[in-house]
Amino acid sequence: MLIQVITGTTREGRLSERVAGWVVRYLTEHTDLEIEQVDLRDHPLPFFDAPPPAKAPRDYFTAEAARLGSTLDRADGYIVVTGEYNHGYPAVLKNAMDWTFVEWTRKPIAYVGWGNVGGARAIEQLRQVAVEFEMAPLRHAVHILPDTMIAARQSTEPGDTSAFVPLEPKLKLLVDDLQWWAAALRTARRQNDN
Ligand SMILES: Cc1cc2nc3c(=O)[nH]c(=O)nc-3n(C[C@H](O)[C@H](O)[C@H](O)COP(=O)(O)O)c2cc1C
């Protein structure tokens with residue numbers, strides 16, 4: 001089963017790189033899932049300006065949209081790591097979603113967020129977006145609060161994810177739940193395809 005970890009911020013100096021590194025490491029060490037990191041920096045897209053992808057599934061407008069679409073298509077579930085910008089989710093993440101549609105459908109999605117309230121506002125809004133994509137947004141999330149963000153940033157070693165270790169019980173709940181939903185929905189998708 002393939003789970004993708006989507007890095008939802010792209011700005012210079014972003015924290016998301018460290019958070020994604022921690023999530024990927026945890027999944028690799030504690031599960032037998034296949035893991036793929038999807039960094040939106042590797043998928044530069046213009047602001048969405050194409051016909052609605054929901055109405056023309058996989059009829060990609062550009063090669064870059066096709067590359068993102070075929071990447072997302074592979075996954076059985078997603079963990080989005082996201083900061084919070086002005087009480088919302090990052091625009092780059094929504095823009096990437098708007099370029100695609102059916103690739104996400106009937107799959108689970110879970111969130112790891114950070115910020116003054118642990119990214120809770122961004123995550124709650126992203127759950128609403130997921131419903132429109134006919135996804136299963138999960139209840140369990142990981143919320144990284146400012147003390148942990150400060151501790152994580154203090155390390156000069158970019159791969160140092162030790163500040164997040166106290167949050168691993170929360171991440172375990174999320175991952176266990178995601179595995180259940182990913183397996184159940186993969187079976188259901190395959191039955192429907194027959
Ligand atoms: C444009 C912008 C807006 C922000 N707005 C919020 C906010 O509304 N709530 C919050 O908790 N943090 C906010 N922050 C602080 C972010 O939580 C912090 O910069 C975090 O590291 C963002 O994730 P990133 O480093 O991966 O970009 C904002 C940061 C930026 C750059």
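Student: Before we look around, what counts as a helix or a strand here?

Tutor: This is a predicted model, and its elements are read from the atoms. Helices are runs of H or I with at least four residues, while strands are runs of E with at least two. Both kinds are numbered from the N terminus, and both are runs from DSSP.

Student: OK, where is Leu-40 found?

Tutor: Look past the end of β2 (34–39) and before the start of α2 (63–73). Leu-40 sits between those two, in the loop.

Student: Is Leu-40 buried or exposed?

Tutor: The cut-off for buried is under 20% relative accessible area. Leu-40 has 7%, so it counts as buried.

Student: Which residues is Leu-40 in contact with, leaving aside neighbours within four places in sequence?

Tutor: One partner is Ala-96, 56 residues apart from Leu-40 along the chain, with 7.8 Å between their C-alpha atoms. The full set is Ile-6, Thr-7, Gly-8, Thr-10, Val-92, Leu-93 and Ala-96.

Student: Ile-6 is on that list. What is its bridge partner in β2?

Tutor: β1 and β2 run parallel and are joined by 6 bridges. The chain gets from β1 to β2 through α1, in a right-handed β-α-β crossover. Within β2, the partner of Ile-6 is Val-38.

Student: Which element gives the most to the largest nonpolar core?

Tutor: That core has 28 residues, and Val-19, Trp-22, Val-23, Val-112 and Ile-144 have the most contacts inside it. Elements giving two or more residues include β1 (2–7), α1 (16–30) and α6 (168–193). With 7 residues, the top contributor is α1.

Conventions
Residues are numbered from 1 along each chain as its sequence is written. This is a predicted model: local features need pLDDT of at least 70, side-chain atom pairs count only at pLDDT 80 or more; totals for chains, interfaces and linings use all residues. Side-chain values use heavy atoms; hydrogens and water are left out. Buried means under 20% relative accessible area, exposed over 50%, partly exposed in between (1.4 Å probe, protein chains only). Contact means heavy atoms within 4.5 Å. A nonpolar core is a set of buried Ala, Val, Leu, Ile, Met, Phe, Trp, Tyr and Cys residues joined through side-chain atoms within 4.5 Å. Two strands pair if DSSP finds at least two bridges between them. A crossover is right-handed if, with the strands pointing away from the viewer, the path from the first strand over the helix to the second runs clockwise.
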